[in-house]
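The exercises below ask you to read a structure step by step. Try each task with the structure in view before turning to its solution.

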Amino acid sequence: MKLEQARAEIERLRQEIESHNYRYYVLDEPSIPDTEYDALFRRLQALEAEFPELVTPDSPTQRVGGKPRDGFATVRHAVPMLSLNNVFSEAEMREFCQRVADGLGVEESSIRWSAEPKFDGLAISLLYRNGQLVQAATRGDGETGEDVTANARTIPAIPLRLRGQGWPAELEVRGEVYMPIAGFRAWNQRALERGEKPLANPRNGAAGSLRQLDPKITAKRPLAFYSYGIGLSSETLADRYTGILEKLRGWGIPVCPEATTVQGFAGCRDYHERMLHKRDALPYEIDGLVFKVDDLQAQETLGFVTRAPRWAIAWKFPAQEVSTRLLAIDVQIGRTGAVTPVARLEPVQVGGVTVTNATLHNEDEIRRKDICIGDWVIVRRAGDVIPEVVRSIPERRPADARPFTMPSHCPVCGSRIHRAEGEAVSRCTGGLYCPAQRKQAIKHFASRKAMDIEGLGDKLVDQLVERELVQTPADLYHLQLEQLAALERMAEKSARNLLQAIERSKATTLDRFLFALGIREVGEATAKALARHFGSLEALMQADQTLLEAVEDIGPVVADHIVSFFAESHNRQVIEQLLTAGIHWPEVTVEQEEALPLAGRTLVLTGTLRRPRGEVKAALERLGAKVAGSVSKKTTAVIAGEAAGSKLEKARSLGVPVLDERGLDAILAQPESLESILKQ
Ligand code: 5U1
């Protein structure tokens, strides 16, 4: 390469790196994955090594990027906070080990290395004076960081004072603030439930949380801390790095339990192999390992290059976030009919695995992440979770990128796709008919509280569906003895018993049948309320949203689910087939039900009752009451037995009347006096 050509490329790389640095360090909004950033940096390093006359003091290779954010006081580090050089392969690591050995004039295999994970968080320096935490600072550009003392004090893992004795009067502890994976997932789940913006990944979570101007916000975030060394110290602590870690641990500073020592390159390679396998099982994210010459004297001999020590290296793992092209968005239908948009991707290696598909969760998430078909996107795969598209890279959007629209019909069964008001998830409405929902629908249909087909367990349903003997619940009523007897773990006798159970199930009740249909959010209690209110299947099927909302405890969302379910012709067909197969129930007389003394009343049972709960429930229902599983403002009363817990608490908080078993006895004896019993 010619000098002028190199000059132009170096300038372009510097500008690009600076712009990524700004986004990453100052805005906390990285625009490209780490691997791509590393590649740019290494390319610049290589060019500058080839053309040393082009190295300038303002090159990103001569400093570690970043500026403190406005709003925080700046802190000058007494001892600069260094960064680490990286290696990405065994060959590079072997080379590094040999270079260190040569620098020390020793055999490579004689070097003892400290080995530990490289945490994916935010580096921090904690200053302890006379054992008290007096200052916490981010790394910033390595020389000057941000004063985040108030925020760091909120992190439970960071001790406010050191334990034990023997600590130096002044000690700077260095390490990483990180967000444990469990905390990250729980945080994001809550954020999504509340319609708030989730955190992109645990590292952004840690960095963003620590750099909040309001420490109260930091305090709410699930952050933790591991130390990996010291800066300034008024005394010499040990002659080995691992000796320092031991001392820190003794003073109550968290040190990662995976930190250990290994011998020579072979030991580093074995540790790498072990930790790579362990990576997905760790409770925090790591992006590689750090190896340091354990002997502090040897560290001093080796010294530093501009931005990093010669005695330490980060051996990076395959990245868990990479960019690729989003080629198409298909939708997948889950067992319960939930429609999940799935990104079809240009195949890409993520965390050592080839990824071609990634979940996009739902329509709102696609919009929130500003994702179009054809976009460049960041894909993330961590642990055992399904890969997901984190966001798009709008700067790289091609001119022909187009937005996603949810299909109107299920790609599996052709039924309508419907999104209920206020819900994030769209659903296929062909619950009884859709092959994607088949197993789930049939298992629910046959379950004890639905059609109660004894002997038709989950494994049997799986076999019936997989052998295509049953496509919808209606097919159960046409099964033949020989077909059943040929199934695994079925003898003629059990097949005969099953046929009898199927036959018996034909005589049911309207509410059981409604529950068996598996309409979304129509549980047992709602099915009973519907049966009581409408009296017949025909009346219910014809009811519109308004009529449905007139039923006690049915709100607009449930009413919407019911209307959508019956609006789907495929479902109506299956219902027709079920009735033709002979399913029947005794007539429900609406007037009669409403005349019952507890009609329109909702009771909740909680705690341990003297009599079997099922018996009490049946007795109350015979009197016209609805017995619900949860307490709401509309609950008439809660009947609390021994050791009642959260339902009792909720009733009290909502001001719902609470009765004991004597109150229950009074209701059963004189249901028409409910009002006066409640007042007692
Ligand atoms: N685990 C670990 N991470 N980390 C990051 N150790 C470690 N050491 C570092 C850095 C920047 O620097 C020292 C080698 C000075």
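**Exercise 1. Which strand gives the largest share of the shell around the ligand, and which residues and polar contacts surround the ligand?**

Solution. The largest share of the shell around the ligand comes from strand 3, which gives three residues. Keep in mind while working that this is a predicted model.

Step 1: list the surroundings. The residues around the ligand are Leu82, Leu84, Glu116, Pro117, Phe119, Tyr228, Val290, Lys292, Pro309, Trp311 and Ala312.

Step 2: sort them by character. The shell divides into nine nonpolar residues and two charged ones, with no polar residue in it.

Step 3: look for polar contacts, for which a pair of N or O atoms must lie within 3.5 Å. A ligand nitrogen lies 2.9 Å from a polar backbone atom of Pro117, and a ligand nitrogen is also found 2.9 Å from a polar atom in the side chain of Lys292. In the side chain of Glu116, an N or O atom is 3.5 Å from a nitrogen atom of the ligand.

Step 4: ask how much of the ligand is covered. Taken alone the ligand exposes 380 Å², and the protein buries 87% of that.

Step 5: return to the elements. Those that give two or more residues to the shell are strand 3 (112-119) and strand 10 (286-293).

**Exercise 2. Is Asp287, in strand 10, buried or exposed, and which residues does Asp287 touch?**

Solution. Step 1: place the residue, which lies in strand 10, one of the elements that give two or more residues to the ligand shell.

Step 2: apply the cut-off, by which buried means under 20% relative accessible area. Asp287 has 11% relative accessibility and therefore counts as buried.

Step 3: name the contacts. Leaving out residues up to four places away in sequence, Asp287 touches Lys118, Phe119, Asp120, Arg279, Lys316 and Phe317.

Step 4: compare with a loop residue. Pro283 is found in the loop between helix 9 (264-278) and strand 10, and at a relative accessible area of 52% Pro283 is exposed. With residues up to four places away in sequence again set aside, Pro283 touches Pro180 and Ile181.

**Exercise 3. Which residues of helix 25 are buried, and where do they fall when seen down the helix axis?**

Solution. Step 1: collect the buried residues of helix 25 (residues 661-669), which are Glu661, Gly663, Leu664 and Ile667.

Step 2: view them down the axis. The buried residues of helix 25 fall within an arc of 150 degrees, so they line one face of the helix. As a general rule, an α-helix has 3.6 residues a turn, so residues three or four places apart point the same way.

Step 3: turn to the other face. Turned away from the buried side of helix 25 is a face that carries the exposed residues Arg662 and Ala669.

Step 4: find the cover. The buried residues of helix 25 are covered by elements including helix 23 (613-622), strand 23 (637-640), strand 24 (658-659) and helix 26 (674-679).

Step 5: examine the N-terminal end. Asp660 caps helix 25 there, with a side-chain oxygen 3.1 Å from the backbone nitrogen of Arg662.

**Exercise 4. Where is Lys506, and which backbone oxygen lies 3.2 Å from a polar atom of its side chain?**

Solution. Step 1: locate Lys506 in the loop between helix 15 (492-505) and helix 16.

Step 2: check its exposure. Its relative accessibility is 13%, so Lys506 counts as buried.

Step 3: identify the oxygen, which is the backbone oxygen of Ala581.

Step 4: complete the picture. Apart from neighbours within four places in sequence, Lys506 is in contact with Tyr477, Ala581, Gly582, Ile583 and His584.

**Exercise 5. What are the phi values of Glu521 and Ala643, and where are these residues found?**

Solution. Step 1: take Glu521, whose phi is near 65 degrees, a positive value in a residue other than glycine. Glu521 is found in the loop between helix 16 (510-516) and helix 17 (524-534), and with a relative accessible area of 41% Glu521 is partly exposed.

Step 2: take Ala643, which is not a glycine either and has a positive phi of about 50 degrees. Ala643 has its place in the loop between strand 23 and helix 24 (646-654), and at a relative accessible area of 74% Ala643 is exposed.

How values were computed
Residues are numbered from 1 along each chain as its sequence is written. This is a predicted model: local features need pLDDT of at least 70, side-chain atom pairs count only at pLDDT 80 or more; totals for chains, interfaces and linings use all residues. Side-chain values use heavy atoms; hydrogens and water are left out. A residue is near a molecule or strand if one of its heavy atoms lies within 4 Å of it. A polar contact is a pair of N or O atoms within 3.5 Å; within protein, one must be able to donate a hydrogen and the other to accept it, and residues adjacent in sequence count only if both atoms are side-chain atoms. Accessible areas come from the Shrake-Rupley method with a 1.4 Å probe; for residues, only the protein chains shown count as cover. Helices (H or I, at least four residues) and strands (E, at least two) are DSSP runs, numbered from the N terminus. Ala, Val, Leu, Ile, Met, Phe, Trp, Tyr, Cys and Pro count as nonpolar, Asp, Glu, Lys and Arg as charged, and the others, Gly among them, as polar. Buried means under 20% relative accessible area, exposed over 50%, partly exposed in between (1.4 Å probe, protein chains only). The arc is that of the directions from the helix axis to the C-beta atoms. Contact means heavy atoms within 4.5 Å.
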